[in-house]
Amino acid sequence: MDRPPELERDSEFETLVEIMARLRDKETGCPWDIEQDFASIAPYTVEEAYEVMDAIQKNDMSELREELGDLLLQVVYHSQMASEAGHFSVEDVARAINDKMIRRHPHVFEVADGRDSNSQKIAWEEQKAAERAAKREADAPDSSALDGVALALPALLRAEKLQKRAARTGFDWATPEPIFAKLEEEVAELHEAMADKNSDSIEDELGDILFVCANLARRLDVDPEAALRRTNEKFNRRFRAMEVLAAEDGKVFSELGLDEQEAYWQAVKAAEKS
């Protein structure tokens, strides 16, 4: 389908902005797009970000190009809704991030000081901390060092970020050993909650265990999201392999008893190690 002439702009980005404005036009736009708001579109924004990550993990550049376009559409979509409400435009969004990147990279845009990637990461975090402190001082007296950690983050990632922020205030263990002790304590408390058959306490104590695991990952310099994704994929790979082995033996995996299923699991593990 050829593009309507009125959509032709100086750049593809400007064309995308115009397309979004047309879709949201109250008189001639798309009924579905017109009905949406920030809250209804937000889940799609998160989903598109994960699809970008999925394309990267598969090293599929064609898919990555498409998914980045879908994610870019989300930025334009939110910006269009904000513009309609008189809050800001997509130009304001671009200006804000441009200013931020220049401000946080003085070694590039002001004085070339020869930083390596590690020292730049430290400087980046220091700059972010300074900006957050200034914002807290300007916004409210009841501000916290934990301000700015988004509620909508995946829970495991949010746990890690909360702990990093707390650690900057000195609220942190110096070594992993006390974290293992804390993990044992939380596991014991989960057993107590299970014995009491208190579903609310069970959820609370299980959450504590996951939070401590995130803390342990941080202390061991392991990305907990990456670690869990790796384990998810390992389970996926091994489970599928069990189904194949069972089928080769003329069996239906789901019809086997747990002992037989476990035997296949051990066989798959052994095969991976050999």
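Biologist: Let me start with one residue: is Glu272 buried, exposed or partly exposed?

Modeller: Keep in mind that this is a predicted model. Glu272 counts as partly exposed, because its relative accessibility is 34% and that label covers whatever falls between under 20% (buried) and over 50% (exposed).

Biologist: Okay, and which residue forms a salt bridge with Glu272?

Modeller: The general idea comes before the case. Side chains of opposite charge can pair when their charged atoms come close. Here the partner of Glu272 is Arg237, with 2.9 Å between the closest N and O atoms. Arg237 sits in helix α11 (residues 224-248) and Glu272 in helix α12 (residues 258-273), so this pair ties together parts that are 35 residues apart in sequence. Arg237 is partly exposed as well, with a relative accessible area of 40%.

Biologist: How many salt bridges does the model have in total?

Modeller: The count comes to 13. Have a look at Asp172 and Arg218, whose side chains meet in one of them at 2.6 Å, N to O. Asp172 belongs to the loop between α8 (155-167) and α9 (177-196), while Arg218 is in helix α10 (residues 199-219), so the pair ties together parts 46 residues apart in sequence.

Biologist: Are those two buried or partly exposed?

Modeller: One of each! Asp172 is partly exposed, at 31% relative accessibility. Arg218 counts as buried because its value is 14%, and the cut-off for buried is under 20%.

Biologist: What about Lys251, which residue does that one pair with?

Modeller: Lys251 forms a salt bridge with Glu260, and their closest N and O atoms are 3.4 Å apart. For accessibility, Lys251 comes in at 35%, which counts as partly exposed, and Glu260 is partly exposed too, with 36%.

Biologist: Which residues are joined into one network by salt bridges that share partners?

Modeller: Try finding Arg24, Lys26 and Glu84 in the structure; shared partners join these residues into one network.

Biologist: Let's leave charges aside. Which residues form a nonpolar patch on the surface?

Modeller: To read a patch like that, look for nonpolar side chains within 5 Å of each other, on residues with over 30% relative accessible area and no salt bridge. In this model, Phe13, Leu72, Val75, Phe88 and Val93 make up such a patch, with about 360 Å² of accessible area together.

Biologist: Where is Val75 placed?

Modeller: Val75 is in helix α4, which covers residues 61-84. With 37% relative accessibility, Val75 counts as partly exposed.

Notes: Residues numbered from 1 in each chain as written. Predicted model: local features only at pLDDT ≥ 70, side-chain atom pairs only at ≥ 80, totals over all residues. Heavy atoms only, no water. Patch = residues over 30% accessible without salt bridge, like charges linked within 9 Å, V, L, I, M, F, W, Y side chains within 5 Å. Areas by Shrake-Rupley, 256 points an atom, 1.4 Å probe, with all protein chains shown as cover. Salt bridge = Lys/Arg side-chain N within 4 Å of Asp/Glu carboxyl O. Helix = DSSP H or I, 4+ residues; strand = E, 2+ residues; numbered from the N terminus. Buried < 20%, exposed > 50% of the residue type's maximum accessible area, 1.4 Å probe, protein only.
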